[in-house]
Structures are given as structure tokens and as C-alpha cells.
Amino acid sequence: PRIKLDKIGKYYSSKTYWGFDLKKPKVLSTSKQKSKIDWKKERIDNYQPLYKRIFSLKVKGKILDVGCGLGLFLSEFKERGWKTVGTETSKEVAKFAKDTFAVDVKVGDLLKLNLLKNYFDVITFSGVFEHIYDPSKTLKKVRNLLKKDGILIIVTPNLDSLGHLFFNKRWV
């Protein structure tokens with residue numbers, strides 16, 4: 001059974017995103033002592049293996065990050081001179097990404113967004129694909145958006161992974 005598409009949004013908070021207070025862009029809201037965030041460290045801690053893989057295949061280009069969240073992942077590409085585009089269903093999270101990292105974020109469902117065909121060198125879904133309502137239609141659209149030699153990267157959680165077994169509750 002699936003939640004109806006028009007009801008699914010109520011299950012995703014708009015005030016915070018993975019513990020980040022969206023109204024205070026540089027403060028982690030879940031810590032008892034609020035502190036400045038070292039975004040570069042956060043970026044490396046969260047995405048280094050993904051960056052290593054992508055940059056081993058493409059040095060420059062155009063990337064689309066579906067469900068880009070805070071925009072942190074895209075910020076590395078922007079700094080390296082890539083054309084970056086993110087999608088996000090939450091207006092508040094998209095605003096945070098634009099304000100904090102100056103990345104281009106389109107608000108809405110990928111299937112409803114008007115993006116250029118055969119344009120992107122890389123399209124990523126990092127911790128997002130398992131939330132996609134219609135995976136088949138989404139993959140068909142992605143195929144149209146990717147260049148012929150483009151790369152699609154999908155990262156999903158795996159409850160049977162060694163990381164989950166080792167870290168248990170602290171896995172995420």
C-alpha cells in the first residue's frame with residue numbers, strides 16, 4: 001500500500017531538515033550548545049566517497065542533484081566550476097540551499113519540472129530514490145535529461161549493510 005501522492009507531503013517537516021534549523025542557516029538545531037557549522041568538514045564527512053567516484057569520471061560538467069536538500073553536496077561542484085542544479089520539494093529547504101550555498105534549486109517534483117533534455121553530465125539521487133513516488137517514470141525522465149555519455153548515481157540506505165550493523169542506532 002502507498003500513501004496517496006497528494007497526502008505524502010505532510011510526513012516531511014518544513015521547519016527543520018535532518019536537524020538543521022532552516023531559519024538559522026549556520027546553526028545546528030539539535031545540539032545542546034549551538035555552534036557554528038564547519039560546512040567543508042560536513043561536506044567531506046558526508047560525501048567524500050561519492051565525490052571521489054564522480055570526479056574520477058568527470059572533471060567538469062553539469063550536475064542535477066534530485067532532492068538536493070540543504071545544497072551541501074552541490075556546493076563542492078559549484079566551487080569546482082560545474083553548472084549545478086538541484087531539485088527539492090520543500091520551498092523552505094530550497095531557500096536555505098540558495099541562501100547558504102548559492103546553488104540553483106528548482107522547487108517541485110522532478111516529473112513536473114521543465115528541465116533541458118540531453119543536458120546533464122551527472123544526475124544524482126542520494127538518499128532520495130527510496131522516497132520517489134513513481135520510480136519507473138522518474139528513470140524515464142532521467143534518461144531524457146542525461147547526455148548520451150552521462151552518469152546516473154543512485155545511493156540508497158541498506159539495512160543489511162555492515163555500516164548499519166556496526167553503527168546501529170547511530171547509522172544515519
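How does A102 count by relative accessibility: buried, partly exposed or exposed? A102 has a relative accessibility of 49%, so it counts as partly exposed. The legends below describe close-up views of a predicted model.

**View 1. Two loop residues, A102 and N118, have positive phi values although neither is a glycine.** A102 sits in the loop that links α3 (91-101) to β5, and its phi is near 55°. Its relative accessibility of 49% falls just below the exposed class, which begins over 50%. N118 belongs to the loop between β5 and β6, with phi at about 50°. At 52% relative accessibility, N118 counts as exposed.

**View 2. Five strands form an open sheet with parallel pairing.** The strand order is β5-β4-β3-β6-β7. β5 (104-107) and β7 (146-155) are the edge strands; each has a single partner, so one side of each lacks a neighbour in the sheet. From one strand to the next, the twist averages 20°.

**View 3. Strand β3 pairs in parallel with β6 and with β4.** Between β3 (residues 62-66) and β6 (residues 120-126) there are 4 bridges, and L64 has I123 as its bridge partner in β6. Towards β4 (residues 83-88), β3 is joined by 5 bridges. Here the bridge partner of D65 is G86. β4 is mostly covered, with 5 of its 6 residues buried.

**View 4. Helix α4 lies across β3, β6 and β7.** The helix spans residues 135-145 and runs at about 140° to β7. K141 is one of the residues in α4.

**View 5. K141 is buried and has no salt bridge.** The nearest side chain of opposite charge is that of D109, 7.4 Å away. That distance lies outside the 4 Å limit for a salt bridge, so D109 and K141 are not counted as a pair. A polar atom of the K141 side chain lies 2.4 Å from the backbone oxygen of L113. With neighbours within four places in sequence left aside, K141 is in contact with L110, L111, K112 and L113.

**View 6. A salt bridge joins D45 and K41 within helix α1.** The N to O distance between the two side chains is 2.6 Å. The residues are 4 apart in α1 (residues 39-57), and therefore separated by about one helical turn. K41 is partly exposed, at 47% relative accessibility.

**View 7. A salt bridge between E76 and R43 ties helix α2 to helix α1.** The N to O distance is 2.9 Å. E76 lies in α2 (residues 72-79) and R43 in α1, so the pair links parts that are 33 residues apart in sequence. Both E76 and R43 are buried.

**View 8. K106 and D104 form a salt bridge.** Their closest N and O atoms are 3.3 Å apart. K106 is partly exposed, with a relative accessibility of 31%. D104 is also partly exposed, its relative accessible area being 25%. Elsewhere, K40, R43, E76, E79 and R80 are joined into one network by salt bridges that share partners. The salt bridge count for the model comes to 9.

Key:
Residues numbered from 1 in each chain as written. Predicted model: local features only at pLDDT ≥ 70, side-chain atom pairs only at ≥ 80, totals over all residues. Heavy atoms only, no water. Pairing = 2+ DSSP bridges. Helix = DSSP H or I, 4+ residues; strand = E, 2+ residues; numbered from the N terminus. Axes fitted to C-alpha atoms, helices over the stretch in contact; angles between N-to-C directions. Contact = heavy atoms within 4.5 Å. Buried < 20%, exposed > 50% of the residue type's maximum accessible area, 1.4 Å probe, protein only. Lys, Arg positive; Asp, Glu negative; His and termini not counted. Polar contact = N/O pair within 3.5 Å; in protein donor to acceptor, adjacent residues only side chain to side chain.
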